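Dear colleague,

Please find below the structure that I am handing over to you, followed by an account of what was found in it. I should be grateful if you would read the two side by side.

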Amino acid sequence: GEVCTMINKKYGEFLPSMQSTEDLVAQVEGLANNIDLLKAGIENEVQRDLNVAVAEFTELKQQLERDTLVLSILKKLQEFDTAIKECSSALQEKQYVAAARQLEKARSSLRSLESRRGFELKILKALGTELTVQTQNMIYHLGEEWQKLIVWKLPPAKGSSSLEAVVLSELHLHTVPAQDEDAAVPAVAAVLQALAVLGELHSKLKDFGQLLLQYILKPLISLPSLQPVPEEQPDVFILRFRSQELALDECSPMEVFDKIKLVFEALHKYLLTVPLEQPGEGRKEGRVTLAELLGELIWEELSDCLIHNCLVNSIPTNSSKLEQYKEVIESTEEFEKALKRMQFLKEDTTALLKYACNVDSHFANKKCQDVIMAARSLMTSEIHNTVKITPDSSVALPELPDPGSGDLKLQSPSSLLHNGTVNLGRESRLSPLTLCLPTCRISCSVQQLVELAYHTLLEATASTDLCCVQLFDCVRNIFQLFYEVVPTYHRENLRKLPQLAAIHHNNCMYLAHHLLTLGHQFRYRGTSVLSNGAATFVDLVPGFRRLGMECFLAQMRVQKGEILERLSSARNFSNMDDEENYCAANKAIKQVLHQLRRLGTVWQDVLPVNVYCKAMGALLNTTLAEMVTRIAALEDISAEDADRLYSLCRIMVEEGPQVFTPLLEEDQNKKYQEEVPVYVHKWMTFKELMIILQANLQEIVDQWADGKGPLAEEFSAAEVKSLIRALFQNTERRAAALAKIK
């Protein structure tokens with residue numbers, strides 16, 4: 001019964017909650033139906049209305065955009081029109097700056113019109129043309145004004161910068177402000193500012209700068225006698241020139257700087273101080289003076305001209321004057337400062353000063369150039385102007401210090417050796433003449449070349465290290481130049497003229513002699529770069545000796561060739577009993593002797609005696625050897641032949657030694673003529689041949705003396721037998737004699 005009650009109670013509670021749930025479900029279903037109805041309504045009616053509204057809105061928006069664009073274009077067109085009109089009226093009143101600004105306004109309006117995409121107006125072309133016409137008109141007016149302000153009076157010969165032409169040039173600046181004029185904006189400023197606004201100032205200034213360089217600045221630098229004459233009148237400034245006779249051919253940099261400064265000061269006062277507003281140049285506050293603009297255009301060319309035509313010439317040529325160059329450096333600095341004060345130069349410009357301060361290097365370059373030029377002209381001068389040198393003649397060399405002491409004293413080359421001798425350890429000593437040249441003649445130009453080398457090295461030791469090395473190299477270059485230039489330049493003469501070949505030989509030996517000690521002599525001079533012993537010329541010595549030898553030997557070959565050529569006309573010395581043959585041989589011998597005598601004369605007093613004797617000896621030897629060979633080869637010599645051959649040989653023996661005349665003093669040549677056998681290798685052979693030509697069979701056998709006699713010294717057994725067969729008829733006595741020659 002209790003359970004029943006429980007169930008009833010629960011059921012009683014459940015019924016109402018179920019009831020309310022069912023009510024809720026019914027309500028939800030009703031709502032859902034309403035929503036469906038509404039949705040259908042929206043889809044069918046509201047959506048349609050909305051689409052129509054959006055389409056209308058878009059159309060209106062596009063309409064507005066079109067109208068706005070048209071309006072802004074009309075506004076720009078109106079701006080353009082106004083600007084052009086205002087420009088015209090400003091131009092009529094000569095208000096150039098205002099006119100120029102209006103033109104620029106018109107230009108920017110046109111630009112923004114042209115930049116509209118998809119909007120092509122036929123009118124734009126017409127507007128462009130209108131703007132161009134107005135601009136050109138304005139530029140023309142400004143050009144007219146410019147020409148009134150700056151008047152050039154140039155010489156008739158256009159482009160000439162000669163003194164006569166430049167003296168006639170004038171520059172008139174009508175930019176002096178008049179008293180009654182409104183000083184706030186002088187005419188010149190207006191014209192310049194308007195040109196600047198139109199972007200035309202640059203080309204006007206460029207032309208002005210070029211005229212300034214050509215007719216004023218460059219002539220003032222390169223014509224020392226030209227003086228600027230400034231003249232100020234109430235309404236115009238005039239710059240004229242006059243020529244003034246000068247004592248010197250060139251101006252010092254100080255004077256040139258003063259003249260250029262005077263011109264710039266005048267320009268600065270009457271023209272260049274105008275401040276300009278440079279449109280869109282990104283300068284500080286966009287303001288710049290005319291001086292700055294002109295400076296940018298012409299300074300590079302002007303500074304080049306100042307360096308090459310003024311500073312270069314002022315570089316000293318010897319180191320002693322380097323001290324005084326400080327004055328030039330100071331005035332260069334002053335000059336640059338003055339131009340910077342006038343704003344003509346930027347603050348960081350120092351081209352001129354840098355050049356002037358670098359004087360050491362320029363000095364060395366200039367010195368080297370001068371030295372090489374001098375050396376070159378010495379090398380191409382005549383070889384035959386000679387000077388005699390002897391072992392004790394010391395060249396005019398600079399004073400060099402004694403290696404032992406620090407002080408300077410004049411020395412002859414031989415005193416570079418202590419007391420003329422050098423101890424070689426044991427008791428052997430070098431002769432005082434070891435480092436001396438034998439007496440001979442050399443070209444004056446070569447002696448001067450050596451002096452040039454010494455003086456340049458002396459200069460080097462007094463210079464800065466950089467300069468010293470440059471000068472040392474320069475001296476080496478001189479000698480290398482000699483090696484290249486002389487043999488080529490004088491080639492023909494050295495080949496044709498035996499005397500020149502001899503002088504050239506001496507020249508080379510003389511140079512080699514000096515090159516041995518040249519670097520060494522400067523080792524003891526202070527702390528220069530040359531003192532470390534690396535500065536030497538010894539490596540050049542063998543080349544110079546070879547150069548001299550080769551030239552002289554080539555000449556010897558020419559002379560030998562001529563001797564053999566002449567002897568070849570002697571008909572082999574055969575059949576001398578024929579008068580014609582004898583005459584030909586006699587003539588050949590006379591010609592050879594004449595050639596040797598001529599050589600003996602042209603080499604006299606030129607070659608050192610020992611070289612002279614060797615050379616003449618070698619040529620005489622060639623002659624005798626050729627005669628011996630020809631006569632020894634004859635197969636048949638009649639008695640008359642033998643006599644005539646003997647007389648020809650006697651001419652050679654008597655007159656041959658007389659060609660040895662190494663010295664001018666006749667009586668001193670005897671000694672060398674007596675020593676001929678020393679220099680002529682075949683002399684004794686020749687004498688023996690003469691004996692054979694005069695001897696009988698017995699005498700020949702005695703001279704041979706079983707191969708121990710004087711004849712055997714000079715001839716082989718076969719040669720003697722051949723001569724016997726040629727000279728003597730075939731008899732028993734001849735056969736007996738021949739048997740003894742073996």
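Two strands are taken to pair if DSSP finds at least two bridges between them. Strand 1 and strand 2 (residues 170-173) meet that condition, because 4 bridges join them, and the two run antiparallel. Please bear in mind throughout that this is a predicted model.

The sheet

The pair belongs to an open sheet of 4 strands, arranged in the order 1-2-4-3 with antiparallel pairing. Strand 1 (150-153) and strand 3 (226-232) stand at the edges; each has a single partner strand, so one side of each is left without a neighbour in the sheet. From one strand to the next, the twist averages 20°.

Two residue pairs illustrate how strand 1 and strand 2 are matched. Ile 150 has Leu 173 of strand 2 as its bridge partner, while Lys 153 stands opposite Glu 170, also in strand 2.

Which residues of strand 1 lie on its covered face, and which on its uncovered one? Ile 150 and Trp 152 make up the covered face, whereas Val 151 and Lys 153 make up the uncovered one. In a regular strand the side chains alternate between the two faces of the sheet.

Two helices lie across these strands. Helix 3 (residues 123-149) lies across strand 1 and strand 2 and runs at about 60° to strand 1. Helix 6 (residues 201-222) lies across strand 1, strand 2, strand 3 and strand 4 (237-243), and its angle to strand 1 is about 50°.

The chain as a whole

The protein has 26 helices and 10 strands. Of its 742 residues, 43% count as buried. Among contacts with a separation of 6 or more, 73% are between residues 24 or more positions apart. The exposed area of the protein is about 40,500 Å², of which carbon and sulfur atoms supply 54%.

A buried glutamine

Is Gln 559, in helix 16 (residues 541-567), buried or exposed? Its relative accessible area is 2%, and the cut-off for a buried residue is under 20%, so Gln 559 counts as buried. Leaving aside residues up to four places away in sequence, Gln 559 touches Pro 498, Gln 595, Leu 599 and Leu 619.

A nonpolar surface patch

Tyr 11, Phe 14, Leu 15 and Met 18 form a nonpolar patch on the surface, and together they have about 400 Å² of accessible area. Met 18, one of these residues, is found in helix 1 (residues 2-92). With a relative accessible area of 35%, Met 18 is partly exposed. Membership of a patch requires over 30% relative accessible area, so Met 18 satisfies that part of the criterion.

Two positive phi values

Most residues other than glycine have a negative phi. Two residues may be inspected with this in mind.

- Gln 343 has a positive phi, near 65°. Gln 343 lies in the loop between helix 9 (326-341) and helix 10 (351-357), and is partly exposed at a relative accessible area of 36%.
- Ala 705 is not a glycine either, yet its phi is positive, at about 45°. Ala 705 is placed in the loop between helix 23 (697-704) and helix 24 (710-714); its relative accessibility of 33% makes it partly exposed.

With kind regards

Key. Residues numbered from 1 in each chain as written. Predicted model: local features only at pLDDT ≥ 70, side-chain atom pairs only at ≥ 80, totals over all residues. Heavy atoms only, no water. Patch = residues over 30% accessible without salt bridge, like charges linked within 9 Å, V, L, I, M, F, W, Y side chains within 5 Å. Areas by Shrake-Rupley, 256 points an atom, 1.4 Å probe, with all protein chains shown as cover. Salt bridge = Lys/Arg side-chain N within 4 Å of Asp/Glu carboxyl O. Buried < 20%, exposed > 50% of the residue type's maximum accessible area, 1.4 Å probe, protein only. Axes fitted to C-alpha atoms, helices over the stretch in contact; angles between N-to-C directions. Contact = heavy atoms within 4.5 Å.
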